[in-house]
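Me: I would like a close look at one part of this structure rather than a tour of the whole. Please start from that part and work outwards.

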Amino acid sequence: MLDQAAPDFTLAATGNPSFSLSALRGQKVVLYFYPKDSTPGCTTESQNFRDLHDEFVAAGAVVLGISRDSVKSHDNFRAKQALPFDLLSDPDETACTLFGVMKLKNMYGKQVRGIERSTFVIDAAGILRREWRGVKVPGHAQEVLDYVKTL
């Protein structure tokens with residue numbers, strides 16, 4: 001998938017009735033997939049992208065978070081964390097499937113299907129340039145920003 005056109009998708013989003021990836025052609029895009037609104041790791045990750053948001057914008061990039069949560073859940077999470085970017089709702093796992101982020105994970109000794117924390121950078125031409133899978137939150141948003149600045 002790297003160095004190929006990123007797959008297009010349309011999802012419900014905060015602040016928009018629907019969002020299509022193709023509508024951002026001409027801009028760099030950072031898509032970060034995260035498991036669940038208002039959980040500790042996801043909150044920290046979103047805060048890190050929030051805190052660096054001005055730098056992402058200065059580098060010509062749009063930041064978007066994606067999880068399976070509802071738009072209502074996203075609206076609450078976004079307001080509570082003062083996130084300056086949209087969150088996309090993927091309850092049917094449309095984008096999750098296109099980007100291959102659904103994994104079996106062990107949670108409290110049980111196998112559960114969920115989103116593997118992953119980030120993708122798409123260049124202004126719509127080409128997928130970089131991916132991070134199994135993301136560890138500390139330092140991740142800065143690493144993504146550093147990469148975006150090289151595009």
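What follows is a question about one strand and an answer that moves from it to its surroundings. How many residues of strand β8 (residues 118-122) are buried? Which way do its residues point?

Reply: The model is predicted, and everything below is computed from it. Strand β8 is mostly covered, with five of its five residues buried. Their directions split into two groups: S118, F120 and I122 point one way, whereas T119 and V121 point the other way. This follows a general pattern. In a regular strand, side chains alternate between the two faces of the sheet. In β8, the residues of both groups are buried.

Next come the partners of the strand. Strand β3 (residues 28-33) runs antiparallel to β8 and is joined to it by five bridges. Within this pairing, L31 stands opposite F120. Strand β9 (residues 128-133) also runs antiparallel to β8, again with five bridges. Here S118 has R133 of β9 opposite it.

The link between β8 and β9 is a hairpin with five residues between the strands. G126 in this hairpin takes a positive phi near 85°. Another hairpin, made by β1 and β2, can be set beside this one. It has two residues between its strands, and its G15 takes a positive phi near 75°. Strands β1 (residues 10-13) and β2 (residues 16-20) pair in the antiparallel sense over three bridges, and T10 stands opposite S20 of β2.

G126 also leads to an empty space. The structure holds one cavity of 30 Å³ or more, and the largest cavity has about 70 Å³ of space. Among the residues lining that cavity are I122, D123 and G126, together with V29, L21 and A6. By class, the lining has six nonpolar, three polar and three charged residues.

On the β9 side there is also an arginine to note. The charged end of R130 sits over the ring of Y147, at 5.4 Å from the ring centre.

On the β3 side, the path leads to aromatic rings. Y34 lies in the loop between β3 and α1, while F77 is in helix α3 (residues 71-81). How are such rings compared? A pair of aromatic rings is described by the distance of the centres and the angle of the planes. Eleven aromatic pairs are found in the whole structure. One of them joins F9 and F99: the ring centres are 6.2 Å apart and the planes stand at 85°, so this pair is edge-to-face. F9 belongs to the segment before β1 and F99 to the loop between α4 (94-98) and β6, so the pair ties together parts that are 90 residues apart in sequence. F9 counts as buried because its relative accessibility is 3%, and F99 counts as buried because its value is 1%.

The pair of Y34 and F77 is tilted, with 6.1 Å from centre to centre and 40° between the planes. Y34 and F77 are 43 residues apart, and their pair links distant parts of the chain. Both Y34 and F77 are buried. They belong to one aromatic cluster with Y32, F49, F56 and F85.

To return to the start: β8 has its five residues buried, β3 joined to it by five bridges, and β9 joined to it by five bridges.

Note on methods
Residues numbered from 1 in each chain as written. Predicted model: local features only at pLDDT ≥ 70, side-chain atom pairs only at ≥ 80, totals over all residues. Heavy atoms only, no water. Pairing = 2+ DSSP bridges. Helix = DSSP H or I, 4+ residues; strand = E, 2+ residues; numbered from the N terminus. Buried < 20%, exposed > 50% of the residue type's maximum accessible area, 1.4 Å probe, protein only. 1 Å grid on protein atoms, 1.4 Å probe; cavity = no way out; pocket = protein on both sides within 12 Å on 5 of 7 lines; lining within 4 Å. Points joined across faces, edges and corners; volume = space filled by probe spheres on them. Nonpolar A, V, L, I, M, F, W, Y, C, P; charged D, E, K, R; others polar. Phe/Tyr/Trp six-rings, centres within 6.5 Å; stacked < 30°, edge-to-face > 60°. Lys NZ or Arg CZ within 6 Å of the ring centre and 35° of its normal.
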